[in-house]
Structure formats: C-alpha cells, structure tokens
Amino acid sequence: RAKAEGRGRWRFFEPEMDTRMQLRRALELDLRRALAAEEFELFYQPIVETESRRVLGLEALLRWRHPERGLLSPDRFIPLAEETGLSVPIGEWVLTQACAAAAAWPGAPRLAVNLSPGQFANRGLCEAVSAALRAAGLPPGRLELEITEAAVVQDAEATLDTLHRLKALGVRIAMDDFGTGYSSLGYLKRFPFDKVKIDRSFTRDLDQSQQSDAIVGAVTSLCLGLDMATTAEGVETEAQLRVLHRKGCAEAQGFLFSHPCPAGEVPALLRRLDTALLEQAVLS
Ligand code: C2E
Ligand code: MG
Ligand code: MG
Ligand code: MG
C-alpha cells in the first residue's frame, strides 16, 4: 500500500517538478547567453568618510540589462548563477571590468568588488584576481574584496587558506553584511579581515532605536580593537550619519551620498561630491 501511495505521489508531483526544471534550464541558458552577449553591466556606489565626507572608494554592483525583463538587480540572478557554476565566469568578468574602470578614475579611490561563495571557493580565484589587476595595471592595495558569511561558514581551514593567499597578493578583504546570517564573533578573531561592513538592517533605524545605536557602537569599537575598519551600509539620512560619526564608525555608504550609478557617470559623481565638500568647507 505504501508503495502504491508513493507512486501516486510521485505521479502527482512529477509534472510540477518538470516545469520547474524546465524553467531553471531556460534561465540558465539565458544567463549563459547574457554573458556572451555582454548584457551585464556594473554600477558604482561611493563609500564615504563619515568625518569629512571625502570619497574613499567605490563599490561595484552588478546589473543585468535584460532585453525583455529590463534592468535586473543581482538578487534576481546571482542565486541561479551560483547554483549553475556560472558565478565563476560572471565573477571573472566583474573583476576584469571593475579593475579596468577603477584604474582610469581620478583621485584613485579604492575599488570594492563582491565575491559569491562559489567564486570564493573556486581554486582559480587568486589567479583570476591577479590577472584582473595585472591587465588593468591597478595596484593591489586599491582592490577590496567583499565576502559574506555564507562564503566562510563552509570550511574554516579552506577559508583561512584562501584569505591568506588573497592577502599575499596585497588586496584587502571585507566581511559584507555583518550581523546577518550566522555571524559569530569567532570569525572576527579567526579571519584576517581588513574591514567589516555593518548590515543595512542595523543602519536603518539608527537614531530611532537605542538597540541599533548600541549594536553599531559595539561592533565599531570591537573592530577598532581588532584593527579592522567599519563601513555602515544603507545610510540614507543625515541623522544616521551623525550617529555613525559619534559612534566612531569611520565610513558610510548609502543613498544619502549617491545611488549606484553607471560607470560613465562616475567621474561626474566624484566631481559633484568633491564640490559639495569644498562648498561645505567654505560655509563652515
Ligand atoms: P551588498 O554588497 O551588500 O550591496 C549593497 C546593496 O545595498 C546594493 O544592492 C545597493 O544598491 C544597496 N544600497 C546601497 N545603499 C542603499 C541605501 O541607502 N538604502 C537601501 N535600501 N539600499 C542601498 P544591489 O546592487 O541590489 O546588490 C545586492 C547584493 O547583490 C549585494 O549586496 C551583493 O551581495 C550582491 N552583488 C552585487 N554585485 C555583485 C557581484 O558583482 N557579484 C556578486 N557575487 N554579488 C554581487
Ligand atoms: Mg558588498
Ligand atoms: Mg552588504
Ligand atoms: Mg547586502
């Protein structure tokens, strides 16, 4: 009877599973096609010093300019790219593209690039990073690689090995979205991060929630003690910026300064933020 029931179930689910697999397969083919057709594009968002509002760097953020579906954000396609192994070639394209763009910008701000867990676990990562740096003539110290907790939870030994090999190249490493996921303080002790990016969920209600103020303050002083910089993500208001500065968080990123913008607009964006700085200096 169990057997019959089992078979009945299988028949019931089969068509649905089939459709899902077909949809996935179609999306995968679409992703492969997009890579060849150069439909990916990088946007850039400034990272700013809370004290002076000086631009310290730019984070590259991936977009897919899909012919039918419009401009897609990475949350819509990175998970599938990750499942299908396509995050490795896509990630190499991102590294090459971002390093070349950053090498041409004035004022030499730092460049931040996100790595997916699959990309981080890939054996060819260090070679891909140094190839991108070499091709662009970008000094390694100007590149910062952002990894999330999902990349480090898998295997601590392998993580440490990869981090050391990357750091030997001279690049910097940031822990992205800190405070979400399985965040353990142990990671901060164990892994040689240069920076911790405090997740937007803590920045969002800064100045309105005593808890968030306290968490951001504690993470900032903890990182200071560990010789790691902190960047607050998702800063949208002056009030949030004031709290961050007061809590000793030296760097901020968010819509308050700029939305992510296409590479072609970066020089004008840097000029605009620079001018705002000068005006502020004259006024004060
Ligand atoms: P992330 O690295 O934490 O990037 C910050 C995200 O917050 C970006 O979303 C950015 O547009 C958004 N953001 C910035 N300032 C604000 C703000 O003030 N308010 C709000 N509400 N949001 C803000 P985006 O570009 O959609 O990227 C989402 C995530 O996708 C990134 O999170 C990153 O984990 C991933 N990602 C982006 N580019 C790449 C890439 O080239 N490779 C990989 N593997 N992942 C990427
Ligand atoms: Mg990031
Ligand atoms: Mg983040
Ligand atoms: Mg994020």
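Rings of Phe, Tyr and Trp (its six-membered ring) form a pair if their centres lie within 6.5 Å; planes under 30 degrees apart count as stacked, over 60 as edge-to-face and the rest as tilted. Keep that in mind as we look around this predicted model, where local features need pLDDT of at least 70 and side-chain atom pairs count only at pLDDT 80 or more, while totals for chains, interfaces and linings use all residues. Residues are numbered from 1 along each chain as its sequence is written, ligands are numbered from 1 in the order in which they are written, and side-chain values use heavy atoms, leaving out hydrogens and water.

**Stop 1: the rings**

Select F40, W64, F77 and W93: ring pairs link them into a cluster. The whole structure holds seven aromatic pairs. In one of them, W64 and F77 meet edge-to-face, 5.5 Å centre to centre with 85 degrees between the planes. W64 sits in strand β2 (residues 55–66) and F77 in the loop between β3 (70–72) and α2 (78–83), 13 residues apart; helices (H or I, at least four residues) and strands (E, at least two) are DSSP runs, numbered from the N terminus. Both W64 and F77 are buried, where buried means under 20% relative accessible area, exposed over 50%, and partly exposed in between (1.4 Å probe, protein chains only).

Next, pick F191 and F193, which are both buried.

**Stop 2: the core**

Which residues touch the most other members of the largest nonpolar core? Show Y44, L111, L143, L145, I147 and F193, which do so among its 71 residues. Such a core is a set of buried Ala, Val, Leu, Ile, Met, Phe, Trp, Tyr and Cys residues joined through side-chain atoms within 4.5 Å. Now colour helix α3 (residues 87–104), which gives the most to this core, with eight residues.

**Stop 3: the metal site**

Zoom to the magnesium ion (ligand 3). D176 (OD), D177 (OD), E233 (OE) and E233 (OE) coordinate this ion at 1.9 to 2.6 Å; donors are N, O and S atoms within 2.8 Å of the metal (3.2 Å for Na, K and Ca), and sites may look incomplete because water is not among the atoms. Add the magnesium ion (ligand 2): the two ions are 4.0 Å apart, and D176 coordinates both. D177 lies in strand β6 (residues 172–178) and E233 in the loop between β8 (229–232) and α11 (238–246), so the pair ties together parts 56 residues apart in sequence.

Is D177 buried or partly exposed? D177 counts as partly exposed, at 25% relative accessibility, whereas E233, at 12%, counts as buried.
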